[in-house]
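Reader: Could you take me on a close look at the ligand site, and then tell me what sits around it in the rest of the protein? Keep it informal, please.

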Amino acid sequence: MSSNTSTLTVDNKAVELAVKEGTLGPSVIDISKLYGQSGMFTYDPGFTSTASCESKITYIDGDQGILLYRGYPIEQLAEHGDFLETCYLLLYGELPTAAQKADFDYRVTRHTMVHDQMNRFFTGFRRDAHPMAIMVGCVGALSAFYHDSTDISDPHQRMVASMRMIAKMPTLAAMAYKYHVGQPFVYPMNDLDYTSNFLRMCFAVPAEEYKVNPVLSRALDRIFILHADHEQNASTSTVRLAGSSGANPFACIAAGIACLWGPAHGGANEAALKMLEEIGTPDRIPEYIARAKDKNDPFRLMGFGHRVYKNYDPRARIMQRTTHEVLNELGIKDDPLLDVAMELEQIALKDEYFVEKKLYPNIDFYSGITLKAMGFPTSMFTVLFALARTVGWIAQWSEMIEDPSQRIGRPRQLYTGSPRREYVTVAQRG
Ligand code: SDX
């Protein structure tokens with residue numbers, strides 16, 4: 001990484017700041033010494049122009065609609081690989097050899113069971129509890145069961161915790177779904193691949209044998225690849241900030257799940273499907289486009305727009321193709337929700353408001369249609385996002401912990417509150 005300098009003039013005083021160049025994308029101005037040299041902070045609510053860290057994991061070019069995991073294009077990974085291969089790549093930085101892949105699959109598979117005491121943890125929830133509420137609680141609770149992998153200073157314990165998180169998220173997600181629908185929990189089977197195991201834990205019932213549909217399993221595995229990591233998004237930044245204090249990995253992932261739940265972030269897939277259902281038919285689309293453009297209306301087109309992508313989200317294209325593949329496999333000839341989504345996309349992409357603001361469909365626009373067709377209730381959509389993103393959170397968390405320069409994250413502020421004033425007794429307050 002080459003570096004040069006940039007000069008900032010503050011109160012007629014020149015402050016020299018180092019400029020660092022990366023492999024791809026914008027260079028950065030290192031402002032870590034700015035406060036010491038100028039007595040001033042930078043100000044960037046929402047971090048639109050702020051790089052919070054250095055990372056080698058994922059690269060996004062928002063203008064070109066490019067997404068690379070460790071340098072490999074998402075389109076190629078989704079086409080040729082599987083989710084556990086992507087997990088290995090994100091965690092270790094290289095695609096695995098056949099032997100490494102077999103060993104990784106074996107290790108993940110043998111961590112898929114959860115402590116049986118977890119079953120009783122679920123019974124504390126109402127049956128109609130949102131599955132994301134259950135996931136935040138249960139993932140945080142894992143740190144109560146696995147004390148032997150919470151010492152973040154021990155690389156072995158960090159590796160075990162990483163395996164446990166990746167392996168147990170499908171089991172917990174399936175348990176959250178089963179609890180929600182009032183069916184008995186289904187235990188993982190070691191002779192099934194990762195995603196087939198998850199589908200069976202969700203949809204098998206004791207009354208009959210469950211046969212995994214390989215087309216649906218492959219489609220869902222590809223959906224997990226698309227959701228695996230995405231640079232320093234809100235939930236990943238939450239995991240990094242929580243981890244910077246030395247909190248254990250299970251607690252950090254629980255914090256990431258909580259952040260992902262928001263409708264502006266991972267909760268958008270649930271919100272986007274509800275929006276498509278509310279629109280109902282293509283003839284009602286103009287009314288919602290008008291609302292999305294109305295400054296006085298808080299309504300936004302869910303599944304549209306992105307902080308980084310000012311072009312088509314490359315994941316959305318693959319997602320749209322997967323939607324058609326799943327609907328064809330399930331014999332769903334004309335899904336009214338897909339009709340509304342396709343028409344809405346066509347209208348929005350021609351509308352000057354969306355063109356001018358560079359608002360394109362993002363990964364959440366089509367995912368809900370696919371997941372609903374597979375049999376998942378809307379409330380499970382963000383849980384599946386969290387399941388897939390766990391490997392990204394873990395990889396980013398590990399990178400931060402292993403970075404010798406990492407310190408606790410502690411932003412400052414622009415204070416606009418009251419200057420110092422003296423206490424007034426209640427008798428004097430009038
Ligand atoms: C994810 O960061 C990531 O990488 C996230 C993610 C990941 O993989 O981790 O990609 C996953 O979270 C995808 C995004 C899912 N969210 C949604 O689909 C919710 C709807 N989209 C928006 O709320 C919004 O686009 C955001 C939150 C995604 C981005 O918000 P920004 O970057 O803060 O943009 P903004 O809100 O400042 O919007 C810029 C302008 C505004 O108009 P002006 O005030 O400039 O006049 O565009 C408008 C917004 O009003 N706008 C929209 C819109 N999104 C932005 N108008 C209508 N509908 C929308 N969806």
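Author: Around the ligand you'll find 24 residues, and the closest are His230, Leu301, His306, Arg307 and Arg315. Bear in mind that this is a predicted model. Let's go through some polar contacts. An N or O atom in the side chain of His306 sits 2.6 Å from a ligand oxygen. Leu301 joins in through its backbone: a polar atom there is 2.7 Å from a nitrogen of the ligand. Then there's Lys295, with a side-chain N or O atom 3.1 Å from an oxygen of the ligand. As for how wrapped up the ligand is, on its own it has 1000 Å² of accessible area, and the protein covers 78% of that.

Leu301 also turns up in the largest nonpolar core, which has 116 residues. Along with Phe83, Leu172, Phe198, Leu220 and Phe376, Leu301 touches the most other members of that core. Helix 18 (residues 381-402) supplies the largest share, 14 residues. Take Leu172 as an example: leaving out residues up to four places away in sequence, Leu172 touches Val114, Met118, Phe122, Met135, Cys138, Val139 and Leu142.

If you're wondering about cysteines, there are zero disulfides in the whole structure. A pair would need its sulfurs within 2.5 Å. Cys53 can't manage that because the closest cysteine sulfur, in Cys252, is 15 Å away, too far for a bond. Cys87 has a similar story, since its closest cysteine sulfur, in Cys202, is 17 Å off, too far for a bond. Their surroundings are worth a glance too: Cys87 is buried at 0% relative accessibility, while Cys53 is partly exposed at 29%.

Notes. Residues are numbered from 1 along each chain as its sequence is written. This is a predicted model: local features need pLDDT of at least 70, side-chain atom pairs count only at pLDDT 80 or more; totals for chains, interfaces and linings use all residues. Side-chain values use heavy atoms; hydrogens and water are left out. Buried means under 20% relative accessible area, exposed over 50%, partly exposed in between (1.4 Å probe, protein chains only). A nonpolar core is a set of buried Ala, Val, Leu, Ile, Met, Phe, Trp, Tyr and Cys residues joined through side-chain atoms within 4.5 Å. Helices (H or I, at least four residues) and strands (E, at least two) are DSSP runs, numbered from the N terminus. Contact means heavy atoms within 4.5 Å. A residue is near a molecule or strand if one of its heavy atoms lies within 4 Å of it. A polar contact is a pair of N or O atoms within 3.5 Å; within protein, one must be able to donate a hydrogen and the other to accept it, and residues adjacent in sequence count only if both atoms are side-chain atoms. Accessible areas come from the Shrake-Rupley method with a 1.4 Å probe; for residues, only the protein chains shown count as cover.
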